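Student: Could you take me through one part of this model closely, the sheet in the second chain, and then place that part in its wider setting?

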Amino acid sequence: MAQEHNLAIFRGQLKFKSNVSKIWGVFLLLSIVTTVEVALGITKPDFLTSNTFMALKYLNWIFIILTLVKAYYITWDFMHMRDEKSFLRRIVVWTLVFYIAYLIYIILVEGNYIFDVYKEGFVKFDF
Amino acid sequence: MEATVVKTGTDQKTWDGGNKPLNASYGKMMMWFFIVSDALTFSGFLASYGFSRYKFIDSWPIADEVFTHFPFLHGVEAPMYYVAFMTFILIFSSVTMVLAVDAGHHMKKNKVIFYLFLTIIGGAIFVGSQAWEWGTFIKGSYGAVETKGGKILQFLNTEGDRVAIGDFAISIPTERVQQNSNDGIWFQSESAATSVSLDEVTAGFLANESLLIRTQYLDENGERTILSREESVAKLQADGIGIVEGANLKHNEYGTPLFADFFFFITGFHGFHVFSGVMINLIIFFNVILGTYERRGHYEMVEKVGLYWHFVDLVWVFVFTFFYLV
């Protein structure tokens, strides 16, 4: 059952000779990203924690973006999404992205509202 | 008449069966179905964690003040190093799994066996580490006083270092014993008496002028608020109702009990996935050794289980970010 593998990552910028060397390349990438995350999490540089973008610290934006990068490479290369039909990719990814984005938006707004009621509202438990 | 003949030989049409929609086999497709639904379950958990955190945004525990332990290094502050180690273990076991899948494509039985074995070892190390994390979290480190409002008061010396309650409490001999349901009122019992009582801690705190109290609330820099000596004494005497050592579903010496609940629930559910993954890996490991897939002519089963195993790794990537980093 010889299977065709798409061996190029970074939009074709980096092409591996074999599937095994691609796996090790992706592992190296994931390790570097994780090391960066842990290093930032331990040092917590001041300019990243004191500035915010859309009510979220720069540091947290970096963590979330790096997590999505890792998720992309695990799904695309370890779970072989890169080699699947494009509609299988869309069925899986679009469904999850839509539902999760909606869920996070609505639930965090609600949590923030309850925080405000606890903090500033005159009525404590009327919701 | 050729045009009016009804053709039933539709064997090359997409929906006639016998071929693979989206070029994925039945088993692989169903594994993707499962992964999508399980991903939604985990996002529900993590989103509800986010909900509770936003609800108590000014008093939520800071994860790298909670998970500061490393095996065999007692008293060393090592925030997150052990979790980072666990993350690497899981990513590496994902790599060995994908190498096993690749070896399966080339029908190299011995390589599949070797890589599957490494994957199982990695998974076992991860589950063991998770159990150790739970153990340290349940046992706790410094102890704290709980207030009437269910908040936590922690103790610092003037240098700003944490002080364990057992270190400054003055021993007051009492008749206090653990209450069991077989003595006294049958429906009242307690799991274990704390090592020191609130009176002992209060007496020790009053006797030691250098101690301060740190509350659960975060100031504008994201640091815990530290009370002055006068405020500390007043707070402890007015609001303290009990001692908390470690964490369980009702009390948590590190802060909001909800944090402990979510920790047990989310990492527990993920750990259960890892455990099931190790079990399924073991089953196919023995099947590979017995030559089941060799006789079947393909190693697709390894690939399907591999999908599950990578998914478990993927979930951990998100749990790691949202529980320990953010």
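Tutor: What follows starts from the sheet of chain B, moves to the helices beside it, and then widens to the chains as a whole. The model is a predicted one, and everything said below should be read with that in mind.

The sheet of chain B is open and is built from 5 strands, which are arranged in the order β4-β3-β2-β1-β5 with antiparallel pairing. Because β4 (224-226) and β5 (240-244) of chain B stand at the edges and have a single partner strand each, one side of each is left without a neighbour in the sheet. From one strand to the next, the twist averages 40°.

Strand β1 of chain B deserves the closest reading. On one hand, β1 (residues 144-147) of chain B runs antiparallel to β2 (residues 152-156) of chain B, and 2 bridges join the two strands. Within this pairing, B:Val145 stands opposite B:Leu153 of β2(B), while B:Glu146 has B:Ile152 in β2(B) as its bridge partner. The connection between the two strands is a hairpin, with 4 residues lying between β1(B) and β2(B), and in its turn B:Gly150 has a positive phi of about 80°. On the other hand, β1(B) also pairs with β5(B), again in the antiparallel sense, over 4 bridges. Here B:Ala144 is found opposite B:Val244 of β5(B).

Two helices can be described in relation to these strands. Helix α6 (residues 198-207) of chain B packs on the sheet, where it touches β1 and β5 of chain B, and its direction makes about 105° with that of β5(B). Helix α7 (residues 229-239) of chain B, for its part, lies across β1, β2, β3 (212-218) and β5 of chain B, and runs at about 75° to β3(B). Strands β1 and β5 of chain B are thus named in the contacts of α6(B) and also among the strands that α7(B) lies across.

The wider setting begins with the division of the chain. Chain B is divided into domain 1, made of 24-140 together with 258-325, and domain 2, which covers 144-245. The strand ranges given above, including 144-147 for β1(B) and 152-156 for β2(B), can be read against the bounds of domain 2 of chain B, 144-245. Taken over C-alpha atoms, the centres of domain 1 of chain B and domain 2 of chain B are separated by 37 Å.

The overall dimensions of the chain can be set beside that separation. The C-alpha atoms of chain B fill a box of roughly 105 × 50 × 50 Å along the principal axes, and the radius of gyration of chain B is 27 Å, where a compact globule of 326 residues would have one near 20 Å. In all, the secondary structure of chain B comes to 10 helices and 5 strands. Buried residues make up 34% of the 326 residues of chain B. Among the contacts in chain B between residues at least 6 apart in sequence, 67% join residues at least 24 apart.

Chain B also meets chain A, with 40 residues of chain B in contact with 43 residues of chain A. On the side of chain B that touches chain A, α1 (26-55), α3 (81-105) and α10 (300-325) of chain B each supply at least two residues, and the largest share, 12 residues, comes from α1(B). By residue class, that side of chain B divides into 24 nonpolar, 12 polar and 4 charged residues.

Chain A completes the setting. There are 4 helices and 4 strands in chain A, and they follow the pattern β-β-α-α-β-β-α-α along the sequence. Chain A is divided into domain 1 (1-83) and domain 2 (85-127), and the C-alpha centres of these two domains of chain A lie 25 Å apart. The C-alpha trace of chain A spans about 70 × 35 × 20 Å along its principal axes, and chain A has a radius of gyration of 20 Å, where a compact globule of 127 residues would have one near 14 Å. Buried residues make up 16% of the 127 residues of chain A, and residues 24 or more positions apart account for 41% of the contacts in chain A with a separation of 6 or more.

Note on methods:
Residues are numbered from 1 along each chain as its sequence is written. Chains are lettered from A and ligands numbered from 1 in the order in which they are written. This is a predicted model: local features need pLDDT of at least 70, side-chain atom pairs count only at pLDDT 80 or more; totals for chains, interfaces and linings use all residues. Domain bounds come from an automatic or database domain assignment. Two strands pair if DSSP finds at least two bridges between them. Axes are lines fitted to C-alpha atoms, for helices over the stretch in contact, and angles run from 0 to 180 degrees between N-to-C directions. Two residues are in contact if their C-beta atoms, placed from the backbone, lie within 7 Å. Ala, Val, Leu, Ile, Met, Phe, Trp, Tyr, Cys and Pro count as nonpolar, Asp, Glu, Lys and Arg as charged, and the others, Gly among them, as polar. The radius of gyration is taken over C-alpha atoms; the globule rule is 2.2 Å times the number of residues to the power 0.38. A residue is buried if 20 or more other C-beta atoms lie within 10 Å of its own, exposed if 12 or fewer, and partly exposed in between; C-beta atoms are placed from the backbone.
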